[in-house]
Structure formats: C-alpha cells, structure tokens
Amino acid sequence: MLKAIRHQVNVLESVATSSFAAWRGCLVIKAIPQPEKPIILYDMEACPYCRRVREVLTALHLDVEIRPCPKGGRFFRPEAEALGGKQQFPLLVDQNTNKVIYESEDIVAYLFSQYAGRSVPGYYQSKAWQPALNSIGSAASELRGLRATSGSRPEQGLHLWSFEGSPYSRLVRERLCELEIPYTLHNLGKEHWTEIGPAKQRLKPGEYRPIPGGKRDEFFQQHGRVQVPYLEDPNTGQQLFESGRIMAYLNSQYGG
C-alpha cells in the first residue's frame, strides 16, 4: 500500500517536472527516418541540459542509444571521457557523421540541422530563464536519476518506448539511469494534436487510431494499443507496460 502511494506521489512530482519544462518533448515536429547507425547519447536523466536534448529527440521521432552517466557512475563516464576528453553531459556521438558534440545548445542545433534540415524552432530555442525553470523541474522530481545506486547490469541493453514529456516514462528512465543500465530509447511522441492526453483519455473521444504508416501505427499493430512506458528486456524475455510494474521489475531483477 505504501509503495503504491509513494509511486503516485512520484508520478505527481514527474508531472510537475514536465510542467516546468512547458511539456516540450511530447509532440513530434517532424518525423525523421532513423539513420543507418544509431545515435548515442551519454546522458544523466536528472540533468536539465540533457533533458533539452531528449526533448528534441522526441520532437524529431529519433531513437537513440542511451549510455547512463549518473554521478558516481563507474561504467559509461570513463567511456565518455575517452571519447570527448571530459566528463561533461550531455555528450552526443553520431556514428553517421563522426560527430562528437558537447553542450545542449550545440547538440539541439545539430540535430535540427542534420536531420530536419532546418534551424531550431522557437519553442526549442534556448531562453535566458530556461535553466532556472529546468533546474526547478529536476528538483520537483527529487533529483531522481542523478546519482548511481548499486545493482547488477544486464548482458544486453534494454529497450524502452517512451517520449520525453511522459511523467510515467520519466520514472522508468530515472531508475535505468541510477542503475547504469544502457538501453535503446524508442521515441514514441504524439504525432497529432488529437493524441494529446493519457492513453485512456485522449483529447479526441472515441476509438483511438494512430496516423497510418507512422511509428505509433507500427506499435499499435504489434500491441493493440499505444501506451508508454513499455519495456522489453532481451535478457529475460520480459515485456512490460505500466510504470509501476516496470519499476518493480527493474528493482527486483537489477536493483541492489
């Protein structure tokens, strides 16, 4: 009972984090074909600058390989330093262009230019007041996803279907970061305004049907619904919806 109450409190805190971020990272601006080689992001979930990059990845419908680098992390921080020369995050590595980029503003500009062929739209441009609000947003979630915790790591990376603004998905990403579990982040942003709202009560009433031919449609064809977070663990064969169930699984399977 107490665990269930605590989980709902965490969900409300995550809603506050999304609100401070003005709910960026929910809607897709332009669906981009996935590049030939995966993009890699050395990331710290609670970092507001990393959040800016993840917001844009959702806006462009781009999947990314997440290498969690929480404070005190032992696995991917040295790897990031070897690639870029310092332990600073976010760090984007694009194997398609051999680019290694620090600084969220530079990464955002690169992603829009390289993959959308355009400048950064106003909604995603850096504003003077954003760092303060984004930091408050991280504090609202009690800085979960900031520091490494003990646990075991899987042989193979996990797969998470998510979008940045989803409060439920954030809880799972925070735990994956703390446990330093690498995963493929499959962005499943909302492709049309009629999809705004939670999976069971979208803005448009009636039976939900995603836009034909899109990533959401592909997910719908496989699972009969579009709901995030959704986790697949190739190490155990587990396939899970619902943040509470996923968190319980991660803690049981990989927690210290």
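Helices here are DSSP runs of H or I with at least four residues, strands are DSSP runs of E with at least two, and both are numbered from the N terminus. With that settled, let's start.

This is a predicted model: local features need pLDDT of at least 70, side-chain atom pairs count only at pLDDT 80 or more, and totals for chains, interfaces and linings use all residues. Residues are numbered from 1 along each chain as its sequence is written, and side-chain values use heavy atoms, leaving out hydrogens and water.

First, the sheet. It is open, has 8 strands, and runs in the order 4-3-1-2-6-5-7-8 with mixed pairing. Two strands pair if DSSP finds at least two bridges between them. At the edges sit strand 4 (99-102) and strand 8 (238-241), each paired on one side only. Neighbouring strands are turned by 20 degrees against each other on average, direction ignored. Axes are lines fitted to C-alpha atoms, for helices over the stretch in contact, and angles run from 0 to 180 degrees between N-to-C directions.

Now look inside the sheet. Strand 2 (64-68) and strand 6 (183-187) run antiparallel, joined by 3 bridges. Ile66 has Tyr183 of strand 6 as its bridge partner.

Which helix packs on strand 5 (158-162)? Helix 6 does, and it also touches strand 1, strand 2 and strand 6. Its direction makes about 155 degrees with that of strand 5. Contact means heavy atoms within 4.5 Å. Helix 2 lies across strand 1 (39-43), strand 2 and strand 6, at about 150 degrees to strand 1.

Next, the spaces. On a 1 Å grid over the protein atoms alone, a cavity is a set of points where a 1.4 Å probe fits but cannot get out; a pocket is an open set with protein on both sides within 12 Å along at least five of seven lines; lining residues have an atom within 4 Å of a point. Points are joined across faces, edges and corners, and volume is the space filled by probe spheres set on them.

The second largest pocket holds about 320 Å³. Of its 13 lining residues, Lys3, His7, Asn10, Met247 and Asn251 are closest to the centre. Helix 1 (2-20), helix 6 (167-178) and helix 8 (243-254) each supply at least two lining residues.

There are 2 cavities of 30 Å³ or more. The largest has about 40 Å³. Its lining includes Glu45, Arg51, Arg170 and Glu174. The second largest cavity has about 30 Å³. Helix 2 (48-59) gives the largest share of its lining, 3 residues.
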